[in-house]
Amino acid sequence: LSITLLAVILVIIFTPIGEQHVYYQIAVYILLLLTILIVWLFISGRRFFPSNKIRIAYSLKSAGFSSQKIILLTILRIQEKLKLLEILDHFKFYEIGTDIFKTNEQAESFTLKRKLNLIIHGTVYGGKKESTFRYDLKNFFFTYHVVNSPKDSAIWSLIKSDINLMLANRNWIIDENNDLSDIKDVADNLFEIILSIIAIALSRSKETLDLSIILIEKLLPLLEQKISPEERKILISKDKKQLNIPIDLLRSGRLRNILSMCYINNSRIFISDGEYTKAIEVLEKGLKAGADKIDSYSALALAYYYLGNLDKAEEYTEELNRTHKEHPLYLVNKAFFSIIRKEYEKTVTYYTELRRKINDNNLIIIDQVIGFISDRLKENKSELAYIYSIGILTYNFKDKEEGTTILKSFIKKTAKNEAYIPMLKVACIICKIEI
């Protein structure tokens, strides 16, 4: 701002009096002042041009010119690594003034206000240790925005734990006698942290899930390369109560789990949007990368059903059963397939078995199945077994009164239809009605 005022004063001094009308001169001065002020706002990082890219800002204080040079070289190396991985175009870097905020709370507010994904802020110290000049970058703070995950949400503690894992046990010292090698190490650390934080933050939103997958897919091989065969060994204490896992192995393993979750969630989005072939491609890719088999096989069965390939849907349902014997998803799938084949006695058996398998941890499956069966009933109102399915699931797992009402409706509609006798027997016992 002081530079702006100085520029205006210089213009006033060197503009001859009387050459222009005084009001015109005042207008020129105001316009110049506003122009320079706007330029200053953008140069200082207080304002940004709109961008759909991942927006990363850094606000790093330095003890002097040499420290500032170290900062610039480190940022440059990070950008070069992003370029080598062909993902630099996804990022936009901003250098912002160190006077914009003073506390982490102010940094968080600025991150949200300016729609930044990440701010790296702190101080780079320099000084001698044992006659060697060193730069210390450990006083960094990382302020980030996680999409769809406010701090009071249940998932926040897990997100925080994941990011703390990515930050832990890093080397931030740059020795003047070994600065090229140390800058590489520090830049690699920052690079891994940036990609990890951004990927974790983006994994919570439908709109940014694809980008999260890209970043983790690029980062994982680099993390895996760092892990030697010796570091892949997990040591168990003699009392078998503690595990000693190398931190690089722990980081890569956690990111792989997050990637698996992203594959599953992405497939669900594709299925919801009716893009079943894309869902299958993502799920097959996820299985190769170690995605959860139960979630993957159940989603593959669903996608193939929607494509009209019942044989494939049943094939993946059997794969699910081989992974986890009589899993609730296996039982509800088999019950549904038996309805399609009009093997109603089998339907009753599968739903009876389901009562032993459902607990509070997997009760959400029931809501999903009822929704799915309700949609099938809308498509084919003549298949009354769907009413039985909705009724028995509601009675057993949600609301007995509501379930009884639905089953009474089923009894009324099927009383003279011998095909439904296995279901009628169960429904009549529940409703205390004689056949």
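This short talk walks through the fold, the cores, one helix, one serine and the largest pocket of the chain shown above.

What we have is a predicted model, in which local features need pLDDT of at least 70 and side-chain atom pairs count only at pLDDT 80 or more, while totals for chains, interfaces and linings use all residues. Residues are numbered from 1 along each chain as its sequence is written, and side-chain values use heavy atoms, with hydrogens and water left out.

Let me begin with the whole chain, whose secondary structure comes to 17 helices and eight strands, where helices (H or I, at least four residues) and strands (E, at least two) are DSSP runs numbered from the N terminus. Of its 435 residues, 45% count as buried, a word that here stands for under 20% relative accessible area, with a 1.4 Å probe and protein chains only.

Turning to the interior, the largest nonpolar core has 119 residues, and Phe91 and Ile120 are those with the most contacts inside it; such a core is a set of buried Ala, Val, Leu, Ile, Met, Phe, Trp, Tyr and Cys residues joined through side-chain atoms within 4.5 Å. Helix 6, residues 179–202, gives the most to this core, with 14 residues. A second, separate core of nine residues includes Ala57, Phe110, Leu116 and Ile119.

Helix 17 (residues 421–431) is a good example to look at, and its buried residues are Met423, Leu424, Ala427, Cys428, Ile430 and Cys431. Seen down the helix axis, these fall within an arc of 160 degrees, so they line one face of helix 17; the arc is that of the directions from the axis to the C-beta atoms. They pack against helix 12 (328–340), helix 13 (344–357), helix 15 (385–397) and helix 16 (400–414). After helix 17 comes Lys432, whose phi is positive, near 60 degrees.

Now to a single residue: is Ser212, in helix 7 (residues 209–226), buried or exposed? Ser212 counts as buried because its relative accessibility is 0%. A polar atom of the Ser212 side chain lies 2.7 Å from the backbone oxygen of Ala199. Leaving out residues up to four places away in sequence, Ser212 touches Ala199, Leu202, Ser203 and Cys262, where touching means heavy atoms within 4.5 Å.

I will end with a question about the pocket: which residues are closest to the centre of the largest one? Of the 28 residues that line the largest pocket, they are Ser298, Ala299, Leu302, Leu329 and Gln368.

Key:
Buried < 20%, exposed > 50% of the residue type's maximum accessible area, 1.4 Å probe, protein only. Polar contact = N/O pair within 3.5 Å; in protein donor to acceptor, adjacent residues only side chain to side chain. 1 Å grid on protein atoms, 1.4 Å probe; cavity = no way out; pocket = protein on both sides within 12 Å on 5 of 7 lines; lining within 4 Å.
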